[in-house]
Every structure is written in C-alpha cells, then in structure tokens.
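Biologist: I should like a close look at a single helix in this model. Please describe how its residues are disposed and what surrounds them, and then turn to the nonpolar cores.

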Amino acid sequence: MGKSDFLTPKAIANRIKSKGLQKLRWYCQMCQKQCRDENGFKCHCMSESHQRQLLLASENPQQFMDYFSEEFRNDFLELLRRRFGLCKVDETPKGWYIQYIDRDPETIRRQLELEKKKKQDLDDEEKTAKFIEEQVRRGLEGKEQEVPVFTELSRENDEEKVAFNLNKGACSSTATSSKSSSLGPSALKVIEATASVKRKEPSHSSAQPKEKKKKKSALDEIMEIEEEKKRAARTDYWLQPEIIVKIITKKLGEKYHKKKGIVKEVIDKYTAVVKMIDSGDKLKLDQTHLETVIPAPGKRILVLNGGYRGNEATLESINEKTFSATIVIETGPLKGRRVEGIQYEDISKLA
C-alpha cells in the first residue's frame, strides 16, 4: 500500500468506522477486542491469541469474572458520581434503588396535570363524604326516638273489664275507659302464670333443635370434611416425599432411564431430589421427568392428587382397561373407606 492509499475514500471510511461505535455482538469480552463485522469476529475467534486467552480463563474463571465485575462497578460509580443530578439514589436493605429524573418539559407538564387531577378527585371525595355525614346528622336530629313508658297495672273498679293492646310487639294494659284500671290479685296471678308459660315455651322449643344439632354434630363434621376434600380442585403438581418414582427421561442416559428412586425432598412443588434405589445417587429432577409406580395389590400407597390427597391407603385391585385402581383409605377421618376409579397418576408406592 502506497502513501497515496492513505487518502483514498476506502481508507478514510475504514478510519471513520473504527472510531465509531460497533455492534456489541462482535465484541470479544475475553480479549477486549471490537470487531467491525461478522467475518472479522469469526477470524478473531479462530485466532491463536483468542484460544490462548480462553485456556487462561478456563483455569481460573472466577478471577476473570471478579475483574469484569469490579471494572463495571468502578465505571458505574464514576458515571453516577458525575451525573448525580439526573437520578435519585437510595440505599435500602435490599440494595441500591436508582430512579431516573426526567427533566423533559413535556414530561414535567404531564406530571403536574396528573397531580392536579388527583388533588381535584380527592377534594371531590372529601366534599361527598362531608355531604353524606351532614345528611346523616340531620336525619338523626330530626328523628324522634320513641322511648317506651312503663306503668303499673292498676284498676279502680273490680268489675271493669281488662283489655290488652298489642302494639309493636309490646304488651300494654289499657282499660276500655279513658281512666287506667287496676287488677286484682287473682288477675295478676293469671297474667304472671301465662307470661311464665310463654317464656318457658320458646326456651323448650329452642332446646330441641340444639339437642338434634348436638346429635348430628359428629356426623356433620365428617361429612363436611369429606365434602371439603371432594371440592378441593386438582392441582398440576403431585410430588410427595417418601414415595417411589420412575425416571422416564432419556437425557440422563441409559444408566438412569426406567430406573426407580425414592423422593427425599420436594422443592417448589415441581422439583424433587430423588435417591436412586440401586446406585444410591441423588438427582434433582422435574416432575415431568418422573412417573408414579403402581405396586402389587395389598401394598401400601399414597394418594397424590384429588379429593383424598395425602392419605395413605392399601391397593386392593387394579383395572388395566381403565388404567385405574381400587384402594382402601388407611388414615384420616375416612379410614376404612373403599374408593374405586383412582387413576394411576394419582397414587404411588410408598417407600
């Protein structure tokens, strides 16, 4: 290349491109080298220097990660210190909280309008609440509270008839004349006896339903528990500790494919730590990579889904045509109940 090539349009364009920002996808972080195009990045990845840098990083990857993290932190803090007027920074127990301050006049105008609208809405709500409170106060002041007046039973003339005015559920004695009448001792005894009988009758009648309710309380409690279990919706997770499962995924190789293990721990409902029965290895697997194990009749199983979830039971029989089983509940308030039509995926053998 001669000296004249330095001023050619191609050379000038290359120098301009090298000074400007390039695509991040063509930047090598390990070598800290920016390539201008895909071809250059591909050639760099095949170079000896890049391969040597990868070997050095593989020997101690944590050291390189710490270096990059520290570099980012220093540059970020330096930038934050210089541009502190553009953001709000609060140090919280969970870390730093950074909020950008938008100083655009249009944005500030919209924020002021929103604040004004919120304030106006609050003022309208306060006015409405005060108006309702004033109406209630006026209604209470204008309402005359009726206070019942109790008077003694008295009758001046023994031959005068006694009449009872049952007004609004209250029993008040009034004479046929305008004057108040007085009752004799015999009439008072009759009224007291009648009142005592009426007082006793409701208590006796109300005691009968209570007795019936007490008699049905145990049965009602069992029925409520049963109905609650039946109403419980089926869930999309079924893993439970201490059940035997089978690995159905082939991603782990033939060593674990179709092998059985015991669930030792359930993580986040959908992941299980499985200990293999034959080798004793512990694997962390998703429930989609596992399936339940159906034992022989007479063995103990655990219900994993449906209304009887969490109950231990005994497998009575298997229906291969419908892929279902018949079980007998062994724990809980429904102990001894025989349940038919339980699907294979809802039960599994206990370890």
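Modeller: In this predicted model, Phe64, Phe68 and Leu80 are the buried residues to consider in helix H4. Viewed down the axis of H4, the buried residues lie within an arc of 130 degrees, and therefore they line one face of the helix. The face turned away from that buried side carries Gln63 and Arg81, both exposed. The cover over the buried residues of H4 includes helix H3 (48–59), together with strand E3 (87–92) and strand E4 (95–100). The length of H4 can be checked as well: the helix runs over residues 61–82, and at 1.5 Å a residue its 22 residues should span 32 Å, which agrees with the 32 Å between its end C-alpha atoms.

As to the nonpolar cores, the largest has 16 residues, and those touching the most other members are Trp238, Ile243, Val245, Ile247, Val274 and Leu290. Strands E7 (244–247), E9 (271–276) and E10 (282–286) each supply at least two residues of this core. Of its contributors, E9 gives the most, with three residues. Ile247 may serve as a closer example: leaving aside residues up to four places away in sequence, its contacts include Leu252, Tyr256, Met276, Leu283, Leu285 and Leu290. Ile247 also touches His257, Lys258, Lys259 and His289. A second core, separate from this one, consists of twelve residues, among them Ala325, Ile329, Val339 and Ile342. As a general matter, nonpolar side chains in soluble globular proteins tend to be buried together.

Terms used:
Residues are numbered from 1 along each chain as its sequence is written. This is a predicted model: local features need pLDDT of at least 70, side-chain atom pairs count only at pLDDT 80 or more; totals for chains, interfaces and linings use all residues. Side-chain values use heavy atoms; hydrogens and water are left out. A nonpolar core is a set of buried Ala, Val, Leu, Ile, Met, Phe, Trp, Tyr and Cys residues joined through side-chain atoms within 4.5 Å. Buried means under 20% relative accessible area, exposed over 50%, partly exposed in between (1.4 Å probe, protein chains only). Helices (H or I, at least four residues) and strands (E, at least two) are DSSP runs, numbered from the N terminus. Contact means heavy atoms within 4.5 Å. The expected span of a helix is 1.5 Å times one less than its number of residues. The arc is that of the directions from the helix axis to the C-beta atoms.
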